[in-house]
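Here are my notes for anyone opening this one for the first time. Have a look at the model, then read on.

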Amino acid sequence: MGGHDRPAVPVEEAEHDYEALPPNFSLGANMLAGAFAGIAEHSVMYPVDMLKTRMQVMNPGPSATYTSSIANALVTVSRVEGFRSLWKGLSSVVLGAGPAHAVYFASYEATKHALGGNEGESHEHHPLAAAASGAAATITSDALMNPFDVVKQRMQLHGSIYTSVGHCARDVFRKEGIGAFYVSYPTTLCMTVPFTALQFMSYESISKVMNPTGRYDPYTHCFAGGLAGGFAAALTTPLDVIKTLLQTRGNAHDAELRSVSGLVQAARIIHQREGYKGYFRGLKPRIITTMPSTAICWSAYEMAKAFFIRRSTNPNTAL
């Protein structure tokens, strides 16, 4: 706003409050900011995420649909299966993303503070604290999100018979047991821990370079979030392909795919059938989905955090 002509001391105090969080900033407010960010992130780019899932699944349906451009593929799916098919499974993401991202960002802030990531001047980098905070955040949130992600991907598949989240969850549980919701969890962690560590480390570093003052700057949060997300997504695509195979195995017609039980076995099958290029199926839509999604996520989170900080530090509006 008019911060450029203000005295240096008050601005520095505001910057410190924003980066380190004020003492009276509640856990509930932080979790609300995270939930808002998670739902916004997953909802906006959902159709492209659906396309990514179908590209990563072996024998996904009409293969020609997914080898054309992303825009043409989405138009074709919408025309053949109906516009609503692009959003099938979104309700599972909304149900899971809210609580999972609330825990995600609460864990991130708590771990970052405990490791000294908020110490020092606003321009100082703490890449290891950021990476460790991201790893801690994803371990806790994925435990909540994994079952919802399984349901989402089953509903995204071509020819999916499921009409609701409850219908899909009951059918998977009846046919495959509770383990089906967590068979991919170790692989998920193998992917999301390095993904989140890379993303948080990149985001914090890019933000410090772009915005050394540490003030709330939506343009910095958006750009740094998108760039960090795309970089992390590209490097972890092979693990995402393996995770998708494990999470959709129950819908496979191939007996070998239905019986796959772990990361190593899934990786071996992908390599045997498609070689190393099989590990990068869906790379383009994964990056295209992740960059705007993480840009939205960080922008929404930082905006909500700034809002709650203003309320908590203003005695007239404190929660």
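The points below go from the whole chain to one helix and then one residue.

1. A word on ground rules: this is a predicted model, where local features need pLDDT of at least 70, side-chain atom pairs count only at pLDDT 80 or more, and totals for chains, interfaces and linings use all residues. Residues are numbered from 1 along each chain as its sequence is written, and side-chain values use heavy atoms, leaving out hydrogens and water.

2. The protein chain has 14 helices and zero strands (helices are DSSP runs of H or I, at least four residues; strands are runs of E, at least two; numbering starts at the N terminus). Of its 319 residues, 51% count as buried, meaning under 20% relative accessible area with a 1.4 Å probe, protein chains only.

3. Now for helix α6, residues 90-114. Its 25 residues should span 36 Å at 1.5 Å a residue (1.5 Å times one less than the residue count), and the end C-alpha atoms are 35 Å apart, so the two agree. Still, α6 bends by about 35° at Ala97, with Pro99 following within four residues; the bend is the angle between axes fitted to the seven residues ending there and the seven starting there. After α6 comes Gly116, with a positive phi near 85°.

4. Last, Thr244, in helix α11 (residues 237-247). Why does Thr244 count as buried? Because its relative accessibility is 0%. Leaving aside residues up to four places away in sequence, Thr244 touches Thr53, Gln56, Val57 and Gln153 (contact means heavy atoms within 4.5 Å).

Terms used: Buried means under 20% relative accessible area, exposed over 50%, partly exposed in between (1.4 Å probe, protein chains only).
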